[in-house]
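This report is for a reader who meets the structure for the first time. Please look at the sequence and the model below before reading on.

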Amino acid sequence: MRKEIKDFDNGQDAVAHILESAKRAGATSADALYVWTEEENVTVRKGTLEKIQASQSQGLGIRVFVGQSQSSISTRDLSKSHIDALVERAVAMARQTAADPFAGLPDNLEQPTIDSADLFPEETEFPTRESLFDRARVAEDAALAFDPRVTNSEGADCARSHARIVFGNTLGFLSGYHKRSYSLSCSVIASEGDAMERDYWYVVGPLWNVTQKPESVGARSAKRAVSRLHARRIPTCSLPVLFDPETARSLIGHFTGAISGSALYRNASYLKDREGTPVMSEKMTLREDPFIPGGLGSRPFDGEGLPTKPKTIVQRGILSTYLFDSYSARKLRRHSTGNAVRSLSDGPGVGISNLIVEPGEKTPEEMMAGLTDGLLVTELIGFGVNTVTGDYSRGAFGYRIKNGQISHPVSEITLAGNLDDLYRGIVEIGSDLEIRSSINTPSLLVEGLRISGE
Amino acid sequence: MTSHSHDIALFFENQFGTSPRLLEGILGAASLSPTVDDADLYFEYTVREHYSLEDGIVKKAGQDVSQGVGARIVAGERTGFAFTEEFDPKALTRAVESARRIADMGDSHTPVSVSRPSRPASDLYPVSDPTLDRPVLEKITVLESLDRLARAESSKVVQVMASLASEVKTIQVVRRDGTIVADRIPLTRINISVIAQDGNNRQTGSYGWGGRTDYSGLVTADRLAHAAREAARQALVNLAARPCPSGTMNVVLGPGWPGILLHEAIGHGLEGDFNRKGTSAFSGRLGERVASPLCTIIDDGTIPGRRGSLNVDDEGTPTQRTVLIENGILKGYLQDRQNARLMGTRSTGNGRRESYAHPVMPRMTNTVMLAGESHPEEILSTLDRGIYAVNFGGGQVDITSGKFVFSMSEAYYVENGKILHPVKGATLIGNGPDVLTKVRMVGNDMALDSGVGTCGKDGQSVPVGVGLPTIRIDGITVGGTH
């Protein structure tokens with residue numbers, strides 16, 4: 001393997017050097033994040049190779065404090081002289097920003113409670129470029145062969161990535177982990193007459209075998225595209241709405257934004273002062289689990305080096321806890337919940353590792369069977385969500401349900417309501433929970449949304 | 001050549017030792033065969049600084065340095081792409097070699113002759129502060145005064161967040177034919193957002209402005225006052241907002257940023273890659289009527305100082321003014337080199353990329369509907385019952401089905417041509433290929449947006465602009481709650 005960084009043998013050395021350099025330059029405390037990634041991505045379109053992207057990349061994100069003033073820098077140049085000059089500039093910049101009594105590293109040094117080796121399964125089978133190509137080709141072939149109405153393709157994409165993360169601070173924390181990810185996606189176009197629709201499907205996971213059924217990824221993308229054909233609008237109305245797991249995920253994602261400490265201290269959440277009160281239907285229980293082996297959001301420590309921990313966020317509809325990093329915790333006289341997230345050029349902020357909505361009893365088919373008139377939603381578009389007010393209004397695609405069965409595809413409609421009513425209007429939770437992302441939820445049936453159409 | 005532009009042309013050679021002779025060696029050694037249609041190296045060195053304020057103080061400041069070289073080899077529909085963050089000959093050779101392997105081509109050992117770097121013919125954004133070395137305190141003072149001004153607008157303003165971000169990107173595109181084009185591209189944006197509270201009712205308002213200039217080109221006492229006033233005003237208006245009606249109705253869009261309609265409804269659907277592959281709702285429709293005869297829409301990368309403008313695109317092609325729709329008839333697509341070649345046409349200077357680490361795609365620059373003849377007041381007075389939308393958040397489009405959305409952030413309910421009351425934010429949804437056929441009136445008040453747009457495609461973000469006169473659209477779905 002080629003040498004990854006100039007002047008340093010590994011991320012730990014680079015981070016240790018930066019922390020020393022920051023102290024020499026006059027910083028009273030500092031932290032540093034090192035990220036190394038290697039990625040390869042192969043795209044096949046209409047049976048032939050369309051694109052290969054290969055890259056190896058590394059970067060540093062550094063935060064320095066002078067008393068309680070701070071500044072941050074990031075760079076992709078890992079030479080010692082460059083880093084030392086940048087750190088000096090950062091210290092000079094920090095001297096000019098305002099002192100913020102709540103700013104600073106975590107109060108205490110704490111070690112992770114889990115060995116990162118237990119978090120990320122070691123892959124032993126490393127795919128070659130040819131195997132990436134094969135999986136993508138097989139997926140797309142299956143999609144194109146699925147139905148004569150699948151007439152065009154945006155291609156299938158198979159990718160592998162490997163990331164190493166090292167984090168350290170002047171409290172004495174220095175730790176790292178590495179994780180791999182494999183993905184396969186396929187996007188095809190179905191057409192008939194004037195109608196043309198596109199849809200996709202994908203799999204992603206920590207082990208290469210997540211891609212081992214490329215035919216089913218392709219077939220599913222094709223089935224999704226074909227079944228959208230001849231979608232039409234419906235009259236403006238209110239109906240029970242069944243969100244499939246993909247769209248339910250985005251719904252639950254908005255909730256994590258509204259319970260973050262940084263939104264609370266800014267007065268920017270409709271869920272301010274709601275801890276210990278009902279915020280969702282009593283059927284809903286949400287857990288955060290940073291220790292799912294290979295989970296997309298799994299991590300042994302957070303973006304400030306504090307240990308992550310599993311916790312219940314919503315228990316039978318009642319909000320058990322907000323989420324804090326050190327900064328928002330200090331501002332609100334609380335303690336960090338280990339939810340700091342950090343990127344090279346930004347942060348720390350507040351975020352979630354893996355979120356799980358506890359599944360219910362009914363399959364989506366059984367949920368649908370109970371609806372005489374309803375809407376199944378499989379895609380949401382747009383940004384019409386305001387977590388300050390809870391106002392929600394998004395474009396949607398889905399299927400009209402009549403007498404327990406899918407009647408026809410529906411497009412060019414919007415769903416609108418308020419998140420507070422929406423979460424409390426969840427009347428049924430599906431049994432179809434599958435862990436395939438950092439936010440994981442089964443199908444959710446919601447009452448009270450306004451549907452705009454004709 | 002002025003000494004300043006000389007400095008830009010020789011930047012990478014001086015900084016990293018990448019002389020024309022070295023580049024000749026690297027491109028020559030890659031032994032590109034005749035089946036290769038295009039190959040380029042994209043050098044980038046970007047310095048960005050950012051400041052943010054909340055609770056009345058500037059608590060964060062920072063600087064990011066980003067550098068690298070993207071290597072691309074194109075043969076027919078195939079693309080090989082790799083990048084390196086080191087500038088030494090070995091790393092460059094490895095990146096080119098990695099990109100070349102994709103097409104699995106034979107060797108030709110054609111020698112490549114690399115010329116001295118040249119500057120673009122146009123100069124749309126003179127750079128006066130290329131090293132971002134204005135005193136830090138000056139920038140901190142700007143944000144502090146925005147905070148003060150916004151709080152002075154109303155005692156209901158309970159939170160102010162403001163940010164300033166400025167970058168200078170130096171690029172050099174080295175083409176397979178040996179030509180080198182170098183440019184230095186500034187970009188600055190200032191933003192303020194406020195939260196106003198009345199009892200339990202909390203609402204937001206925001207204003208941002210920017211362009212291809214350094215920070216001193218954007219800051220005057222008037223602009224700061226205007227920004228603070230606008231952000232506070234919008235939040236206060238929203239405190240009085242009532243639930244938005246739902247269903248299909250007539251809508252009047254105000255001038256400027258509501259031009260995001262054009263970006264989502266037709267702009268993406270006219271990008272060359274989608275049309276070459278036949279995946280856009282606009283594919284194969286050149287020469288057809290796709291809009292009312294009142295509509296003429298252009299994409300113009302040559303407007304001085306605008307956020308979406310560029311002297312040359314990221315393939316070194318000069319930007320231009322491209323007519324997309326003329327009097328309602330579809331006239332053209334937006335092209336980069338690869339898609340233009342495959343469609344038998346020329347690049348329109350729309351080949352753009354987020355950075356050295358991202359491949360080129362056809363992207364918009366500044367997408368604008370030209371002014372019509374109606375007075376804006378007259379347009380509003382014709383609205384019997386509907387929505388007057390003056391400000392928007394983001395939008396999104398499914399280019400295959402043509403369905404697009406964009407979300408109002410300041411809008412009013414109108415009856416008999418009179419504004420009755422503000423309504424809460426709601427999403428508008430429409431169908432790209434027919435929404436513009438429903439345009440009944442076009443105002444004489446075309447305005448460009450204030451310079452805040454960022455467009456996302458395939459995970460890549462690039463700065464863009466939009467422009468729109470007041471227009472009336474008959475029949476668009478409004479996603480309200482009652």
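The text below goes through the domains of chain A, a sheet in that chain, the contact between two chains, and one helix. The model is a predicted one.

**Domains of chain A**

The domain assignment divides chain A into three parts: domain 1 (11–109), domain 2 (118–164 + 171–227) and domain 3 (237–251 + 359–452). Between the C-alpha centres of domain 1 and domain 2 of chain A the distance is 32 Å. These two domains touch: 22 residues of domain 1 of chain A are in contact with 23 residues of domain 2 of chain A. On the domain 1 side, α1 (11–24), β1 (29–45) and β2 (48–66) of chain A each supply at least two residues. The most comes from β1(A), with 11 residues.

**A sheet in chain A**

Chain A has an open sheet of five strands, in the order β11-β10-β9-β14-β19, with mixed pairing. At its edges are β11 (318–319) and β19 (439–440) of chain A, each of which pairs on one side only. Strands of a sheet pair through backbone hydrogen bonds, in either a parallel or an antiparallel sense. Strand β14 (residues 355–357) of chain A is parallel to β19(A), and two bridges link the pair. Within this pairing, I356(A) has N440(A) of β19(A) as its bridge partner.

**Contact between chains A and B**

How many residues of chain B are in contact with chain A? There are 64 of them, and they meet 57 residues of chain A. Strand β2 (residues 57–75) of chain B provides the largest share of the chain B side, 12 residues. That strand also pairs across the chains: β2(B) runs parallel to strand β3 (residues 69–75) of chain A, joined by four bridges. One bridge partner in β2(B) is G62(B), which faces S72(A) in the pairing.

The table gives the residue classes for two of the contact sides described above.

| Side | Nonpolar | Polar | Charged |
|---|---|---|---|
| Chain B, touching chain A | 20 residues | 32 residues | 12 residues |
| Domain 1 of chain A, touching domain 2 of chain A | 10 residues | six residues | six residues |

**A helix in chain B**

Helix α3 (residues 20–29) of chain B has L23(B), I26(B) and L27(B) as buried residues. They lie on the same side of α3(B), because they cover an arc of only 90 degrees around the axis. An α-helix has 3.6 residues a turn, so residues three or four places apart point the same way. The cover over the buried residues of α3(B) includes α4 (89–100) and β4 (157–175) of chain B.

Technical notes. Residues are numbered from 1 along each chain as its sequence is written. Chains are lettered from A and ligands numbered from 1 in the order in which they are written. This is a predicted model: local features need pLDDT of at least 70, side-chain atom pairs count only at pLDDT 80 or more; totals for chains, interfaces and linings use all residues. Two strands pair if DSSP finds at least two bridges between them. Two residues are in contact if their C-beta atoms, placed from the backbone, lie within 7 Å. Ala, Val, Leu, Ile, Met, Phe, Trp, Tyr, Cys and Pro count as nonpolar, Asp, Glu, Lys and Arg as charged, and the others, Gly among them, as polar. Domain bounds come from an automatic or database domain assignment. A residue is buried if 20 or more other C-beta atoms lie within 10 Å of its own, exposed if 12 or fewer, and partly exposed in between; C-beta atoms are placed from the backbone. The arc is that of the directions from the helix axis to the C-beta atoms.
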